Amino acid sequence: MAEHPEFSDLDVVIAHEWVTVPGGSETVVQELCAMFPRARIVATVVDPELALGLFPGHPVESLSIGRLPGIRRHWPYFGPLMPAAW
C-alpha cells in the first residue's frame, strides 16, 4: 500500500500493544507504516532488535513501563499494569 497523499503532512503516531514477538498485529502495523512512512511507533514494551527488523526506518519508542527491569522477557506478567501506562 502506498502513502496516502491527503495524509502526507500529518504527524502520525502508531500505538501498538507491545513489540516483543512477531505476529498478526505487527503485520497490521507494517501496513500502517507503508501508508505513513514518517510515522513513529509507540508501544508498552519494545524489543529493539525485533522492532528494527519489523519496522525499518521507523522510530519505535517504549512507554516508561517498558524500561522496568526484566519486562522484555516477562512482559505477560505486567499486563495488568499496561492500561495504566497508556
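The paragraphs below walk through the fold, the surface and a handful of residues of this predicted model.

Starting with the overall architecture, the secondary structure of the chain comprises four helices and three strands. Followed along the sequence, these elements appear in the order β-α-β-α-β-α-α. The C-alpha trace extends over about 40 × 25 × 20 Å along its principal axes. For 86 residues, a compact globule would be expected to have a radius of gyration near 12 Å, and the 13 Å of the chain agrees with this. Contacts within the chain also reach across the sequence: of those between residues at least 6 apart, 58% join residues at least 24 apart.

Turning to burial and surface, 34% of the 86 residues are buried. The chain exposes about 5,500 Å², and 61% of this area is supplied by carbon and sulfur atoms. As for charge, the chain carries 5 positive and 10 negative charges, and the mean positions of the two sets lie 12 Å apart.

Among these charges, the count of salt bridges comes to one. It is formed by the side chains of arginine 40 and glutamate 61, with an N to O distance of 2.8 Å. The pair ties together distant parts of the chain, since arginine 40 belongs to strand E2 (residues 40-43) and glutamate 61 to strand E3 (residues 60-62), 21 residues apart. Arginine 40 has a relative accessible area of 33%, so it is classed as partly exposed. Glutamate 61, at 35%, likewise counts as partly exposed.

Helix H2 (residues 48-54) offers a good view of a buried position, alanine 51. With a relative accessible area of 3%, alanine 51 falls under the 20% cut-off and is therefore buried. Leaving aside residues up to four places away in sequence, alanine 51 touches Val19, Val46, Pro56 and Val60. Tryptophan 75 is 24 residues from alanine 51 along the chain, and the C-alpha atoms of the two are separated by 16 Å.

The loops give a varied picture of accessibility. Phenylalanine 36 sits in the loop between helix H1 (24-35) and E2. Although in a loop, phenylalanine 36 is buried, because its relative accessible area is 15% and the limit for burial is 20%. Its C-alpha atom lies 12 Å from that of phenylalanine 55, which is 19 residues away along the chain.

Glycine 57, in the loop between H2 and E3, is exposed, with a relative accessible area of 73%. Proline 37 is 20 residues from glycine 57 in sequence, and the C-alpha to C-alpha distance between them is 8.1 Å.

Finally, leucine 68 is placed in the loop between E3 and helix H3 (71-74). Its relative accessible area of 37% makes leucine 68 partly exposed, as this value lies between the 20% and 50% cut-offs. Phenylalanine 55 serves as a reference point here too: its C-alpha atom is 23 Å from that of leucine 68, with their positions 13 residues apart along the chain. Taken together, the loop residues described here include a buried phenylalanine 36, an exposed glycine 57 and a partly exposed leucine 68.

Key:
Residues are numbered from 1 along each chain as its sequence is written. This is a predicted model: local features need pLDDT of at least 70, side-chain atom pairs count only at pLDDT 80 or more; totals for chains, interfaces and linings use all residues. Side-chain values use heavy atoms; hydrogens and water are left out. Helices (H or I, at least four residues) and strands (E, at least two) are DSSP runs, numbered from the N terminus. The radius of gyration is taken over C-alpha atoms; the globule rule is 2.2 Å times the number of residues to the power 0.38. Buried means under 20% relative accessible area, exposed over 50%, partly exposed in between (1.4 Å probe, protein chains only). Contact means heavy atoms within 4.5 Å. Accessible areas come from the Shrake-Rupley method with a 1.4 Å probe; for residues, only the protein chains shown count as cover. Lys and Arg count as positive and Asp and Glu as negative; His and the chain ends are not counted. The place of a charge is taken as NZ of Lys, CZ of Arg, CG of Asp or CD of Glu. A salt bridge is a side-chain nitrogen of Lys or Arg within 4 Å of a carboxyl oxygen of Asp or Glu.
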